[in-house]
Amino acid sequence: MSETKSSRAPVHLWIVGGLALLWNLMGAADYVLTMTRNEAYMSHFTPEQLEFFYGFPAWVVALWAIAIWGGLLGIVLLLLRRKQAVTVLVISFICMAATMIHNYGFAGGIEISGGSGVFFSGVVFVISLALILYSRAMVRKGVLS
C-alpha cells in the first residue's frame, strides 16, 4: 500500500530533509560570505584562490546563485512534501554542474584548489544527485505530491 500525502511522512524524510537543510544552509553561508568578501571567512584562502573566486564571470556567479538557492528551496519543498522539490533540485544540480565544468574544466580550478577542492566538489555532486534520486523516490511512493 502506497503512502499518501495525508498520511504521516516517514521518519527518514525528516532525517534526510533535516540533514540536507543543514548542508544547504552551509552552502548558502559560503555563497553569502564569498560574495560579500567577508574578511574573516576569506582570510583562510590564498591570494591565488581569492583572485580565482573574485574573478568568476557574471554568468558563473548567476548559475552558482541558482544552484545554492535552488538547492535550499528544493529541500524546503521536500520538507513541505511538495513534488516540485524534484524539479527545483534538478535545476539546482544542472547549474551546479555547469559551474563545476567551468571552474575545473576551463578556469584552472584544479590547479587553484588542488585535490581537496576537487574532492569536496565531488562530494557536493554526489549528495546533490542523491537528493534528487531520494526526492524522486518519495514522489513515486506518494510521500510528495
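Start with the aromatic rings: ten aromatic pairs turn up in this model, which is a predicted one. Select Tyr41 and Phe45 and show their side chains. These two make an edge-to-face pair, with 6.2 Å from centre to centre and 70 degrees between the planes. The label edge-to-face fits because the planes are over 60 degrees apart. Colour by accessibility and you'll see that Tyr41 is partly exposed, at 26%. Phe45 is partly exposed too, with 27% relative accessibility.

Next, pick Phe56 and Trp64. Here is another edge-to-face pair, 6.1 Å between centres and with planes at 85 degrees. What does burial look like here? Phe56 has a relative accessible area of 13% and is buried, and Trp64, at 14%, counts as buried as well. Both values are under 20%, so both residues fall on the buried side of the cut-off.

Now widen the selection to Tyr31, Tyr41, Phe45, Phe52, Phe53, Phe56, Trp64 and Trp69. Ring pairs link these residues into a cluster, so you can trace it from ring to ring with the pairing cut-off of 6.5 Å between centres. Stop at Tyr31, a cluster member that sits in helix H1. Tyr31 is buried, at 12% relative accessible area. While you're there, draw a distance from Tyr31 to Gly55: the C-alpha atoms are 14 Å apart in space, and the two residues are 24 apart in sequence.

From Tyr31, move along to Arg37. You'll find Arg37 in the loop that runs between helix H1 (11–35) and helix H2 (39–42). Two things are worth a look. The backbone has a positive phi, near 55 degrees, in a residue other than glycine. Then show the side chain: its charged end sits over the ring of Tyr54, 3.8 Å from the ring centre. Is Arg37 buried, exposed or in between? At 48% relative accessibility, Arg37 counts as partly exposed, because that value is not over the 50% needed for exposed.

For a second arginine with a positive phi, jump to Arg81. Its phi is about 65 degrees, and Arg81 is not a glycine either. Look for Arg81 in the loop between helix H4 (58–79) and H5. Arg81 has 10% relative accessibility and so counts as buried, whereas Arg37 counts as partly exposed.

That loop brings you to the next stop. Select helix H5 (residues 84–106) together with helix H6 (residues 109–140). How do they pack? Their axes lie 10 Å apart, at an angle of about 165 degrees. Therefore H5 runs roughly antiparallel to H6, as the angle is over the 145 degrees that this label calls for. Turn the pair so one helix lies in front of the other, and you can check that the crossing is left-handed. Show the side chains between them: the contact of H5 with H6 has 15 nonpolar, seven polar and one charged residues.

Finally, zoom out and switch to a cartoon. The protein has six helices and zero strands, which reads along the sequence as α-α-α-α-α-α. Its C-alpha trace spans about 55 × 30 × 25 Å along the principal axes. Colour the whole chain by burial for a last look: 37% of the 145 residues count as buried. Among them are Tyr31, Phe56, Trp64 and Arg81.

Key: Residues numbered from 1 in each chain as written. Predicted model: local features only at pLDDT ≥ 70, side-chain atom pairs only at ≥ 80, totals over all residues. Heavy atoms only, no water. Phe/Tyr/Trp six-rings, centres within 6.5 Å; stacked < 30°, edge-to-face > 60°. Buried < 20%, exposed > 50% of the residue type's maximum accessible area, 1.4 Å probe, protein only. Lys NZ or Arg CZ within 6 Å of the ring centre and 35° of its normal. Axes fitted to C-alpha atoms, helices over the stretch in contact; angles between N-to-C directions. Helix = DSSP H or I, 4+ residues; strand = E, 2+ residues; numbered from the N terminus. Parallel < 35°, antiparallel > 145°, perpendicular 65-115°, else oblique. Left-handed = near helix turned anticlockwise from the far one by under 90°. Nonpolar A, V, L, I, M, F, W, Y, C, P; charged D, E, K, R; others polar.
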